[in-house]
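Work through the exercises below with the sequence and the coordinates open side by side, and try each task before reading its solution.

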Amino acid sequence: QVQLVEFGGGLVQAGGSLRLSCTASGRSFRTLTIAWFRQAPGKEREFVAYFSSGRTILYENAVKGRFTISRDNDKNTVYLQMNSLKPEDTAVYSCAGGQGPFALTVAETYTYWGQGTQVTVAS
């Protein structure tokens, strides 16, 4: 079993930055692909970024160039650095873990989920 815990959400002004972290425990972190998803009120959950166990990275187009995903296997942690935040980035951000290897932008691919952390960007 894997437990994922997110930290780092909060309230920020448009143009500001936040860094989210997702720390895993319970089994070998190195074998997992870790992704971030977000869900805004009244909207479906959407893919944000993933960092695969094979060190492949992919971003959703709306965050490309503003968000950076990274991982530290020694700390069992994946980070999401979010810069130039916009009000439309407001959502609950959740990290997810799974072994893929396919459909890594699809939420149903992932077995393990964190509890989510709220990110609110004020205009």
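The exercises that follow concern a predicted model, and each solution goes step by step.

**Exercise 1. Strand pairing**

Determine which strands pair with strand 9, in which sense and over how many bridges.

Solution. Begin with strand 4 (residues 33-39), which pairs with strand 9 in the antiparallel sense over seven bridges; within this pairing, Arg38 has Tyr93 of strand 9 as its bridge partner. Turn next to strand 11 (residues 117-122), which is also antiparallel to strand 9 and is joined to it over three bridges, with Val92 standing opposite Gln118 of strand 11. Finally, consider strand 10 (residues 112-113), whose antiparallel pairing with strand 9 rests on two bridges, and where Trp113 is the residue opposite Ala96.

**Exercise 2. Burial of the strand**

Decide whether strand 9 is largely enclosed or open, and give the reason.

Solution. Take the residues 91-98 that make up strand 9 and apply the cut-off for burial, which is a relative accessible area under 20%. Seven of the eight residues are buried, and therefore the strand is largely enclosed by the rest of the structure. One of the residues of strand 9 is Cys95, which is buried with a relative accessible area of 0%.

**Exercise 3. The disulfide**

Find how many disulfides the whole structure holds, and describe the cysteines, their places in the chain and the handedness of the bond.

Solution. A search of the whole structure returns one disulfide, in which Cys22 is joined to Cys95 at an S to S distance of 2.1 Å. The two cysteines connect distant parts of the chain, since Cys22 belongs to strand 3 (residues 18-25) and Cys95 to strand 9, 73 residues apart. For the handedness, consider the torsion about the S-S bond, which is about 70 degrees, so the disulfide is right-handed. As a last step, check the surroundings of the partner cysteine: Cys22 is buried, with a relative accessible area of 1%.

**Exercise 4. A proline before the strand**

Locate Pro87, classify its accessibility, and list its contacts beyond its neighbours within four places in sequence.

Solution. Pro87 is found in the loop between strand 8 (77-82) and strand 9. Its relative accessibility is 35%, so Pro87 counts as partly exposed, given that this class lies between the limits of 20% and 50%. With the neighbours within four places in sequence set aside, Pro87 is in contact with Ala14, Val121 and Ser123. To complete the picture, compare sequence with space for Pro87 and Ala122, which are 35 residues apart along the chain while their C-alpha atoms are 5.8 Å apart.

Technical notes
Residues are numbered from 1 along each chain as its sequence is written. This is a predicted model: local features need pLDDT of at least 70, side-chain atom pairs count only at pLDDT 80 or more; totals for chains, interfaces and linings use all residues. Side-chain values use heavy atoms; hydrogens and water are left out. Buried means under 20% relative accessible area, exposed over 50%, partly exposed in between (1.4 Å probe, protein chains only). Helices (H or I, at least four residues) and strands (E, at least two) are DSSP runs, numbered from the N terminus. Two strands pair if DSSP finds at least two bridges between them. A disulfide is a pair of cysteine sulfur atoms within 2.5 Å. Contact means heavy atoms within 4.5 Å.
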